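Biologist: I am new to this structure and should like to discuss its charged residues. Please present the model.

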Amino acid sequence: MAVVMTVSLAACGGASSGNSTSKGEASSSDKGSGDVFKVGAFLPLSGASAAYGIEARNAIELAIAHVNENGGFNGKDVKLVAYDTQCSVEEAVKVVSKLIDEEKVDAMIGSIISSEIFAAGNAVNNAGVYMLGLGTSATWMEEDWPYVYRAAMNNGAAAPTMADMLGELKYESVAAFYGQDDAALSTYQAFKSACEDEGIDILVSESYDQGDTDYSAQVTNIINSGADCVYISVIGETAPIIVKQLRQYGYTGIIFDKESFMASQVSIAGEGNSDYIVFVNPYVTYESIEDIEIEQVKDFAERYKEAYGDINKTDSAYRGWDAIMVMWEASKIAGANDSESLKDATNKISGMEGLGGNIDFTSGNREGYNDYNAFLLKDGKNVLWSNWVKDGGYDDFLAKTDREK
């Protein structure tokens, strides 16, 4: 996976991965055949985010196999029709149109890339097709799309928690590094607003263009600012590179990340460089099954390894599994499979155990996850933030790094 991610730093729309479908073609041979429930998916299966899209698709396939072994959607077998967006907003719009008009899918799972959902979501909603999105940006869920739901992280909702954590450490300033994609930019804006509310100064804010790999100028400005800590709001493949460069240039402080710093990213940044990265997220990834203490997540990892040879390295896999499980639960509650019934039934889901904890849609915000844990990476392990602070971890960090804060 580390190799896939490193190679895929080329611009979006590059050559397909060996695990992905051909560009513009569906991955299912069941197009329009049989009495089945067809789930359409538009995912980046080639290009810079292919590693994440492929893992999401793998997990969706695993979840569908599990559903079909246990009665399907009210007796109907579920079939996946997945199209490659090639990490392109324009391509996402095209393939969504095909899934709706040509494939005539019964439901949809949206991209892990929020900008692709933002561009294509209106067409899905206008067609009255029930959809679960996998992207983490706040923006597309702010649209008036009653057929569009999410059983994944809303990065913007976690921003106030991040600001509270800075306040807990008595930090007065932060340096920020953010991207221009929808999820990165909107999450940074939410974090900036939360810091203003807490009276925390953002001393410097640096940005980058997708495809950049040298951040030396931005890193120099961040370190020279003298900020108490660093906050990064970037897309997946950028995170390990900026972390590595921050450490190489001598930054030893805490790095607050907008999303989970995943096992695949640790392998690129280096375990030592990944120490003291903090994130707020329902999901964490692991190096091995033996490291997993949550039984439900362990069961998923074992399924994934049996099917694909290794456990998942990104949280996109968790998102894909949870999306199908939510659809299945909605079909059980509704006793029907049409989009209108599934939509209404999703609003009644509560107390459902997802891979990231409790899933509850009863608040009416179409968001399944509303409570998040905070984690810190240390020695390649995800440690609960509250336990780390309570057990003297912060004092040990100060002593080890010779920092005053």
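Biologist: How many salt bridges does a search of the whole structure find?

Modeller: The model is a predicted one. A salt bridge is counted when a side-chain nitrogen of Lys or Arg lies within 4 Å of a carboxyl oxygen of Asp or Glu. Searched as a whole, the structure yields a number of salt bridges equal to 13.

Biologist: How many residues apart in sequence are the parts that Lys38 and Glu103 tie together?

Modeller: Lys38 and Glu103 form a salt bridge, with their closest N and O atoms 3.5 Å apart. Lys38 belongs to strand β1, whereas Glu103 is in the loop between α3 and β3, so the separation in sequence of the parts tied together is 65 residues.

Biologist: Which residue forms a salt bridge with Glu367, and is that partner buried or exposed?

Modeller: The closest N and O atoms of Glu367 and Arg150 are 2.6 Å apart. Glu367 lies in the loop between β12 and β13 and Arg150 in strand β5, so the pair joins parts 217 residues apart in sequence. The partner is Arg150, and its state, like that of Glu367, is buried.

Biologist: Which helix gives the largest share of the negative patch?

Modeller: Asp164, Glu168, Glu196, Asp197 and Glu198 form a negative surface patch. Two elements, α5 and α6, each give two or more residues to the negative patch. The largest share, three residues, comes from α6.

Biologist: Is Cys195, in helix α6, buried or exposed?

Modeller: Beyond its neighbours within four places in sequence, Cys195 contacts Ala163, Val174 and Ile200. Its relative accessible area is 0%, so Cys195 counts as buried.

Notes
Residues numbered from 1 in each chain as written. Predicted model: local features only at pLDDT ≥ 70, side-chain atom pairs only at ≥ 80, totals over all residues. Heavy atoms only, no water. Patch = residues over 30% accessible without salt bridge, like charges linked within 9 Å, V, L, I, M, F, W, Y side chains within 5 Å. Areas by Shrake-Rupley, 256 points an atom, 1.4 Å probe, with all protein chains shown as cover. Lys, Arg positive; Asp, Glu negative; His and termini not counted. Charge placed at Lys NZ, Arg CZ, Asp CG, Glu CD. Helix = DSSP H or I, 4+ residues; strand = E, 2+ residues; numbered from the N terminus. Buried < 20%, exposed > 50% of the residue type's maximum accessible area, 1.4 Å probe, protein only. Contact = heavy atoms within 4.5 Å.
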